[in-house]
Amino acid sequence: MTKLLEIHDLQTQFHTRDGIAKAVDGLSLSLDRGEILGLVGESGSGKSVTGFSILGLVDPPGRVAGGRILFDGEDLVAGGEKAMKKLRGKRIAMIFQDPMMTLNPVLRIDTQMVETVQAHADVSRKAALARARDALVRVGISSPDERLQAYPHQFSGGMRQRVAIAIALLHEPDLIIADEPTTALDVTIQAQILSEMQALCAQSGTALIWITHDLAVVSGLADRLAVMYAGRIIEEGTTAGIISKPMHPYTKGLIESVPQGKEHGTLLRQIKGMTPSLLKLPEGCKFAPRCPRADAACKPEPPLEERETGRRVRCVHPHTEPLAEEAAPT
Amino acid sequence: MTDAATDDIPAPDGPVAVKIDSPAKRFAREFASDPIAVVGLILFVLIALIAIFAPLIAPQDPYDLAQLSIMDGGLQPGESSFGTGMTFWLGTDTQGRDMVSAIMYGLRISLFVAAVSLGLAITIGTVIGVTAAYFGGKIDSFIMRIVDLQLSFPAILIALILLALLGRGVDKVILALVIVQWAYYARTVRSSAIVERRKDYIDAARSLALSDRRIMFRHLLPNCVPPLIVVATVQIAQAIALEATLSFLGVGVPITEPSLGLLIANGYDYLLSGRYWISIFPGIALVLTIIAINLVGDRVRDVLNPRLDT
Amino acid sequence: MIVYLIRRFGQSVLSIAAMAVLVFLGVYAIGNPIDVLINPEATQAEIAATTARLGLDRPLYEQFGIFVWNALHGDLGNSFVYGRPAVDIILDRLPATMELAFVALILSVGLGVPLGVWAGLRPDSIAGRTIMGGSILGFSLPNFWQGMLLILIFAVLLGWLPAGGRGETTEFLGMRVSFLTLDGLSHLILPAINLALFKMSLIIRLARANTREVCLQDYVKFARAKGLSGRRVVLVHILKNIMIPVVTIIGLELGSMVAFAIVTETVFAWPGMGKLLIDSINLLDRPVIVAYLMLTVLIIVTINFVVDVIYSLLDPRIGLSEMKG
């Protein structure tokens, strides 16, 4: 059986006045049916662009310049807009970061849900409305009939994100791409939405790519993690494996910068420096200027190599010891 | 990962010498980076110089009847005078007036009216706007009611009715333009002054017992200058067009002091009989002036308002 | 919503009242009302009669009362020139102006919004740049000058269309209109284009800027991610959002369209109330001027009111916040 999603050597570039920014450079990934993948990175690492590339929603001046995205065996890059349109909202859905911005403020919820149903299913407005209502119930929205007739501004942030999730679930897609969907929400609501998403995906066998900068959020959710830096994956493996034994110095830094809440007064470690500008990337390993282990061997860029079973790392000096107990997030 | 960490690493290219220019210099440099705006500026300066020095450079004084000959009436562009042999590059009107000279003098009057009304309207609008922002409360809401009321009616209507009741005259046109324009400046100045007013240093200045006037004009006003310039670049072109329109309609400047608008109106009767130049050339001068100002204004807006510069 | 409507209506009445006071002060207090309101050629007896009728010999506040009372009864004095009530004369001319303004409005919105959206969706394309260039030109050229160019090109040089007048009119809903006959239509085209061009440029710029802004919003991307067709995204999601500022500006500009009709009507000798105003100014027919002003104020305030109501219907957020406030 083919993988649900296979990305080979994806190149997504933005043409700016100052040159070409390679937001995603040679990214390869794969995803099984029903699997949850956490795509982790700082802002500017290319994680969101990767999500948009899969859906063919990269806006000019950006474009997918190369590579293949195989969804259920079908190449989306070669298929172009026409193939894409059939999948968007139907088999691949997306949830965005800011629920305040994702629902159109001047259209009622029923309009925004019914149009989604009717975009892919030739059903009456009444049938579409019934499906919309069911979807709202599934994401835990009470009195859905009233809610359907409301405008987005009459909802709280968490409610709006639930509506967005309900819209994503309308066609029971095979894959949902969630771009930091809880970042803009309160912590308690964050936790609720996280567990609901997990349950909904498990129920329907939907695969999920959860894009985030927050390791703590995704570690309790994802089966596998892929850590991105400067448009590349620098480490990939099972969630448990990466959290307990990060091999790339950047991943290790990320984990160590997550607050543990165990001992008061212990300083959080930081990764020195900032994400490099995509227009002026260093030669060789992109992380080398910030890396405590960097030396001359890092000059040619290291390939993403399988170091252990199911664990790929892009580093010539990987850590091989598990994290000390007190540093590992619970 | 946080910003605090950036302090202890050197910038990759080593220390960069940051040249700190005065705001005016930086403004000039940014303005000049758009060649179209520079062309507009050159054109505008040229037009302004022609207007200022019209009496010195015009081939004839178009309003000295002794220099006109009815024999030269209605000559086409490029024809020569029957009396003096002088060439009329843009033709003559029906009274034998050289159109080049008439346009130069017309520009002079058009720009004079616009500039004086601009200056007066800015002054009045600024004083009223700063007053409203500084005192707030009832004074503010009373002033802003008047501003809103006035701005809800088209400027051309207000100016037209005023002039219909007052009669023609350069001074009356200026008065009408000031009356229709002050409200724009008052509103602009008030809104930026009110933002500034809320800042702590104004309270500090008050607690130092500085006089109201000093606080208003030394502290509040300078912060209102950039938006004021932006509005002024829009309004000056509007003022020129409005004056031309009023004069074209016959309620503006008197026939003894014809602006471009009145020249166009005078030639309008001959347009249908094919003597297009009497009307068209003053019109081209008018349009060039307005376009030049708009080109400069667009760029000024972009530079002063980076938010819109996309 | 009802609270909002009532409050907004109160504001409108207040605007009209304020303008009435200003007009009254302009005519009665600053000028000499006898000069303004009584025909200079009137006999002593006529002057005395009118003075008594308007109460010009009484104190100012009583005069104001009479002015308001008369105005409320549609009496704003008699025209010197025609010897008929000024309001009647203006109302005779109103349909011509309304027809012109209405056709110009349809032209400016019907062409301006699609062109603006087009330019906003493809800001860097040749078509987008051309549309913008054209709108800057439409913005810079004074209205009367555009009208003259239209006459020069289409009437004088090409001879395709008449240069002025209204042409043949027919009865339509109780008004004389031009647009139902070929001759009338040929007279209507140029003035309507002239009146529309400036607003159209404005609407193009506005629609373009807003389209560009809306296109960057997440909800547009989300709409595409939902699998909607490009047409639905543009026609429903983008258009409905940009219609809010567009309707606002149309409302504001509709009033100025009535005012700018003065210019267009003068250039094209279109027999509307704007042309009447200019003629009256030239003939010093002041009662007509005053009546024109009051009527136009009424029209503009009414338009502003209607637009605000439409605006609150278009944007669900407005009505609610007003109700709470």
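Biologist: In this structure, which residue of E10(A) does Ala226(A) stand opposite?

Modeller: In this model, which is predicted and not taken from an experiment, Ala226(A) stands opposite Glu236(A) in E10(A).

Biologist: What makes E9(A) and strand E10 (residues 232–238) of chain A a pair of strands?

Modeller: Two strands pair if at least two bridges are found between them, and E9(A) is joined to E10(A) by six bridges, with the strands running antiparallel, so the condition is met. The two strands form a hairpin with two residues between them, where Ala230(A) takes a positive phi near 50 degrees.

Biologist: How do you know that E9(A) also pairs with strand E3 (residues 36–40) of chain A?

Modeller: Four bridges link E3(A) and E9(A), here in the parallel sense, and since the requirement is at least two, they count as paired. Within this pairing, Leu39(A) stands opposite Ala226(A).

Biologist: Why is strand E9 (residues 224–229) of chain A called mostly covered?

Modeller: A residue is buried when its relative accessible area is under 20%, and in E9(A) six of its six residues are buried. In a regular strand the side chains alternate between the two faces of the sheet. In E9(A), Arg224(A), Ala226(A) and Met228(A) lie on one side, while Leu225(A), Val227(A) and Tyr229(A) lie on the other, and all of them are buried, which leaves both faces covered.

Biologist: What makes the contact between Lys245(A) and Glu308(A) a salt bridge?

Modeller: Side chains of opposite charge can pair when their charged atoms come close. The cut-off is 4 Å between a side-chain nitrogen of Lys or Arg and a carboxyl oxygen of Asp or Glu, and the N to O distance between Lys245(A) and Glu308(A) is 2.4 Å, so the contact qualifies. This pair links distant parts of the chain, 63 residues apart, with Lys245(A) in the loop between helix H10 (239–244) and helix H11 (249–256) and Glu308(A) in strand E11 (residues 305–308).

Biologist: Why does Lys245(A) count as buried, and how is Glu308(A) classed?

Modeller: Lys245(A) has a relative accessibility of 18%, and the limit for buried is under 20%, so that is its class. Glu308(A), at 33%, is partly exposed, because that class covers values between 20% and 50%.

Biologist: How do you know that Asp140(B) forms a salt bridge with Arg190(B)?

Modeller: Their closest N and O atoms are 2.6 Å apart, and the limit is 4 Å, so the pair passes. Asp140(B) sits in helix H5 (residues 137–151) and Arg190(B) in helix H7 (residues 170–197) of chain B, 50 residues apart. Asp140(B) has a relative accessibility of 8% and counts as buried. Elsewhere, Asp25(A), Arg232(A), Lys286(A) and Glu301(A) are joined into one network by salt bridges that share partners, and the search over all chains finds 28 salt bridges.

Biologist: What makes an empty space in the model a cavity?

Modeller: Rolling a probe the size of a water molecule over the atoms shows where empty space is left. The space is called a cavity when a 1.4 Å probe fits but cannot get out. Six cavities of 30 Å³ or more are counted, and the largest has a volume of about 60 Å³. Among the residues lining this largest cavity are His248(A), Cys285(A), Arg293(A) and Val316(A), and the lining as a whole has seven nonpolar, two polar and one charged residues.

Terms used
Residues numbered from 1 in each chain as written. Chains lettered and ligands numbered in written order. Predicted model: local features only at pLDDT ≥ 70, side-chain atom pairs only at ≥ 80, totals over all residues. Heavy atoms only, no water. 1 Å grid on protein atoms, 1.4 Å probe; cavity = no way out; pocket = protein on both sides within 12 Å on 5 of 7 lines; lining within 4 Å. Points joined across faces, edges and corners; volume = space filled by probe spheres on them. Nonpolar A, V, L, I, M, F, W, Y, C, P; charged D, E, K, R; others polar. Buried < 20%, exposed > 50% of the residue type's maximum accessible area, 1.4 Å probe, protein only.
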